[in-house]
Amino acid sequence: MRVLQVIDDMGLNSGVSSMLLNYYKYIDHSKVNFDFMVYNTVSDDVKKYCKRNHSKIYEVGPLSGRTVLDGTLYKKTESVMKRYAKKYDVIHGHEPNTAFIYMKLAKKYGIKNRIIHSHNAKGADGITKKARNFILNQYGLKYATNYCACSKKAAKYLYGTTKHVNVINNAIDIDKFRFQPEVRSYMRKKLGVENMFVVGHVGRFAPQKNHEYIIDIFWQFHQKVQDSKLILIGDGERMDKIKQKVSALHLDDAVLFEGVQNNVHEYMQAMDAFILPSMYEGLPVVCVEAQAAGLRCVVSKEVTREIKITKNVKFIGIDNKYPVLQSTEQSNQKDSKDWVKELIKIRKTGIVDDRKLYADKVAKQGFDIRKQSKKLENYYIKLSKHIKD
């Protein structure tokens with residue numbers, strides 16, 4: 001059977017994309033295979049990988065206010081549905097705010113099983129976008145037959161309930177993230193952080209991820225712990241502003257901007273602590289990965305408590321109304337002090353257990369991609385059989 005996955009992009013800089021590609025890699029393609037409808041341009045490497053697995057990619061984007069309002073996105077989506085919809089037993093949409101287009105067309109052209117998947121606990125960064133997405137989401141939900149979510153919090157946000165919602169864990173390749181001392185030594189030497197306390201973060205440079213706040217926290221921490229480094233992995237529209245702020249705070253030598261990486265698991269071996277002060281999240285896969293790597297994680301209270309799958313997670317509040325800070329005089333927020341204290345505590349105490357143990361602890365909580373991909377496989381097959389019966 002075939003499933004059409006609808007996703008914004010298939011790049012390394014997206015948690016949703018990482019989750020979906022993890023499942024795609026480990027699902028049994030002889031039983032269930034994926035094709036993809038994508039809004040952003042897909043890299044040649046991903047295209048080749050999909051071609052080897054006999055999967056098609058339909059690029060219908062870009063997704064923007066203009067392409068929605070002028071009907072371009074609708075027309076391109078309809079051209080795909082009209083021609084190929086009969087091939088699919090299931091459509092699985094990971095973009096709720098455009099479901100009013102692709103779910104409506106999926107129903108029109110005969111895809112019986114139509115899944116919407118909630119990946120976030122809030123709708124957008126601004127009030128106007130939140131209101132817009134709420135209206136669009138509700139319209140799109142009318143055409144769905146099944147609901148999925150990455151967490152209970154994400155389910156409640158989009159559907160208002162957890163009843164009849166299939167929670168699909170953001171599972172990972174456990175063995176890939178298992179702590180390896182030799183990899184840690186190699187990466188720390190490569191990055192020039194051998195004798196440093198390393199704080200790490202992985203995420204798009206977007207308002208949701210709160211990079212300004214990360215820099216505020218690290219600036220204060222670095223004043224107290226000068227043998228420290230901050231590693232930022234990812235890219236995005238706010239990267240230049242964050243680099244300007246780092247320079248204004250004279251942190252250029254202490255902050256490493258590593259861009260998008262395909263070996264995040266190796267970077268995590270080099271880290272000593274992981275920080276995630278997001279303004280909202282569904283269930284962030286990077287925090288699952290960090291825990292599997294045996295890292296102690298300091299996480300915003302805005303992130304669902306379901307992310308605490310080991311004892312190595314500490315939740316601390318953030319101030320969502322802080323200004324974008326540019327100088328040392330301004331960078332002195334009271335609420336960031338709790339984050340600094342926790343990082344200092346981690347530096348002093350380290351990790352009591354062997355870091356190698358945490359991969360198995362994460363696996364036991366239902367985040368092993370090999371086991372979870374089988375569950376997703378069976379879910380699709382069950383849906384397909386139900387319709388045929």
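Buried means under 20% relative accessible area, exposed over 50%, and partly exposed in between, using a 1.4 Å probe and protein chains only. This is a predicted model, in which local features need pLDDT of at least 70 and side-chain atom pairs count only at pLDDT 80 or more, while totals for chains, interfaces and linings use all residues. Residues are numbered from 1 along each chain as its sequence is written, and side-chain values use heavy atoms, without hydrogens and water.

**Overall fold**

The protein chain holds 16 helices and 13 strands. These are DSSP runs, numbered from the N terminus: helices are H or I with at least four residues, strands E with at least two. Of its 389 residues, 56% are buried. Contacts (heavy atoms within 4.5 Å) are mostly long-range: among those with a separation of 6 or more, 71% join residues 24 or more positions apart. The C-alpha atoms fill a box of roughly 65 × 40 × 40 Å along the principal axes.

**Backbone exceptions**

Most residues other than glycine have a negative phi, and most peptide bonds are trans. Two histidines depart from the phi pattern.

| Residue | Phi | Loop | Relative accessible area |
|---|---|---|---|
| His-54 | about 60 degrees | between H2 (44-52) and E3 | 63% |
| His-164 | near 60 degrees | between H7 (152-159) and E7 (165-167) | 78% |

His-54 is exposed. His-164 is exposed too.

Which bond is cis at Pro-62? The one joining Gly-61 and Pro-62, with omega about 0 degrees. Pro-62 sits in the loop between strand E3 (57-59) and helix H3 (65-69).
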